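Work through the exercises below with the model open. Try each task before reading its solution.

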Amino acid sequence: MDLVIATVSQGMLWALLAIGVYLTFRVLDIADLTVEGSFPLGAATAATMIVAGAHPLMAILAACLAGMLAGVVTGFLCTKLKIPALLAGILTMIALYSVNLRIMGKANLPLLQQDTVFTIWTVGGLDKSMTTLVIGTIIVLVVALLNYWFFGTELGTAVRATGFNPHMIRANGINTDNMIVLGLLLSNGLVAISGALVAQSNGFADVGMGVGTIVIGLASVIIGEVLFGTRSFKNCLISVILGSIVYRAVIAIVLQMGMPPNDLKLFTAILVALALSLPLLQARWNKFRKGVH
């Protein structure tokens with residue numbers, strides 16, 4: 001039971017990363033690699049502020065603002081300098097490695113004996129895993145509701161339309177460059193919050209903790225879409241959150257079965273590749289069945 005609670009709680013903390021990846025990958029139709037830098041940026045910013053004596057909530061807010069700034073940088077490179085979105089994300093990601101080292105002053109910053117959101121708010125005497133689950137669930141629900149509200153507004157609809165049909169939205173007088181920058185800002189802000197929460201949960205921030213986060217985010221998005229559907233934007237948000245939990249459950253299961261931790265990145269990459277190829281495999285299977293009959 002403890003393993004289940006720990007798995008679901010981690011899935012909730014990483015769900016913010018998954019929502020951020022969803023906003024760029026599905027809404028804006030951009031493969032944004034900035035998340036591999038903005039995730040540890042959020043962790044580094046939050047950890048440094050907590051060690052300096054700041055309140056954990058202020059540290060999370062600062063991490064969000066730092067992530068937003070990273071998204072703006074990628075957006076500027078992409079829209080104003082006309083650098084391809086994929087390359088712009090890579091450039092920002094590489095730059096953020098040095099930035100994160102500057103912020104922390106070293107490669108790893110422990111949070112031992114420091115107050116975090118999971119220690120200052122003890123929910124009814126619950127243990128750490130249950131407290132993490134409760135707080136993580138509350139934060140994810142608030143973020144999901146705010147996203148649902150925002151993308152239902154005129155501005156949010158313009159961001160969605162920019163990813164769906166930029167030529168049409170441009171013909172209606174909307175500045176698509178601004179919409180792309182706004183989408184990247186929101187995405188990387190959420191990713192940085194996820195990094196800040198994961199760092200506080202794990203008890204440390206590490207400069208290398210962002211490696212493979214784009215694949216983790218994509219795995220959560222794809223698994224959620226395949227298992228729970230994409231009928232509406234609300235359904236997509238729920239699917240992404242549940243996909244993050246399912247992904248964490250899959251990882252926990254394969255680790256219990258004896259898979260070496262060093263092989264997790266390889267397993268995740270294969271899992272995402274299979275999930276992305278499912279529509280093609282299904283179409284070929286249907287064609288094969290028709291041929292047989």
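The exercises go from the whole chain to single residues, and the model is a predicted one.

**Exercise 1. Fold and dimensions**

Task: Describe the secondary structure of the protein chain, then decide how its radius of gyration compares with the globule rule.

Solution:
- Start with the elements. The protein chain has 12 helices and two strands.
- Put them in order. From the N terminus, the run is α-α-α-α-β-α-α-α-α-α-β-α-α-α.
- Now compare. The radius of gyration is 19 Å, close to the 19 Å that the globule rule gives for 293 residues, so the protein chain is as compact as a globular protein of that length.
- Add the extents. Along the principal axes, the C-alpha trace spans about 65 × 50 × 35 Å.

**Exercise 2. Contacts, surface and charge**

Task: Find what share of the 293 residues is buried, and describe the surface and the charges of the protein chain.

Solution:
- Burial comes first. Buried residues account for 49% of the 293 residues.
- Turn to contacts. Among those between residues at least 6 apart in sequence, 78% join residues at least 24 apart.
- Take the surface. About 14,300 Å² is exposed, and carbon and sulfur atoms supply 69% of it.
- Finish with charge. There are 16 positive and 11 negative side chains, and the centres of the two sets lie 11 Å apart.

**Exercise 3. The nonpolar core**

Task: Which residues have the most contacts inside the largest nonpolar core?

Solution:
- Size the core. The largest nonpolar core holds 73 residues.
- Name the hubs. Tyr22 and Leu197 have the most contacts inside it.
- Trace the contributions. Helix 1 (residues 2-27) gives this core its largest share, 13 residues.
- Inspect Tyr22. Beyond four places in sequence, Tyr22 touches Val27, Val221, Glu225, Phe233, Cys236 and Val240.

**Exercise 4. Three helix residues**

Task: Classify Ala199, Ser220 and Asn235 as buried or exposed, and list their contacts beyond four places in sequence.

Solution:
- Locate Ala199. This residue lies in helix 9 (residues 176-202). Its relative accessibility is 1%, so Ala199 counts as buried.
- List its partners. Ala199 is in contact with Ala43, Leu111, Phe204, Ala205 and Met209, leaving aside neighbours within four places.
- Check a pair distant in sequence. Ala199 and Ala44 are 155 residues apart in sequence, yet their C-alpha atoms are 8.2 Å apart.
- Move to Ser220, in helix 10 (residues 213-228). Its relative accessible area is 2%, under the 20% cut-off, so Ser220 is buried.
- Beyond four places, Ser220 touches Ala18, Val240, Gly243, Ser244 and Tyr247.
- End with Asn235, in helix 11 (residues 233-256). A relative accessible area of 10% makes Asn235 buried as well. Its contacts beyond four places are Phe228, Gly229 and Thr230.

**Exercise 5. Positive phi in two loops**

Task: Where do Asp29 and Gln113 lie, and are they buried or exposed?

Solution:
- Take Asp29. Its phi is near 60°, a positive value in a residue other than glycine.
- Place Asp29. The residue sits in the loop between helix 1 and helix 2 (35-51).
- Judge exposure. The relative accessibility of Asp29 is 58%, over the 50% cut-off, so Asp29 counts as exposed.
- Take Gln113. Its phi is near 65°, again positive in a residue other than glycine.
- Place Gln113. The loop between strand 1 (108-110) and helix 5 (117-120) holds Gln113.
- Judge exposure. At 81% relative accessibility, Gln113 counts as exposed.

Terms used. Residues numbered from 1 in each chain as written. Predicted model: local features only at pLDDT ≥ 70, side-chain atom pairs only at ≥ 80, totals over all residues. Heavy atoms only, no water. Helix = DSSP H or I, 4+ residues; strand = E, 2+ residues; numbered from the N terminus. Rg over C-alpha atoms; globule rule 2.2 N^0.38 Å. Buried < 20%, exposed > 50% of the residue type's maximum accessible area, 1.4 Å probe, protein only. Contact = heavy atoms within 4.5 Å. Areas by Shrake-Rupley, 256 points an atom, 1.4 Å probe, with all protein chains shown as cover. Lys, Arg positive; Asp, Glu negative; His and termini not counted. Charge placed at Lys NZ, Arg CZ, Asp CG, Glu CD. Core = buried A, V, L, I, M, F, W, Y, C linked by side-chain atoms within 4.5 Å.
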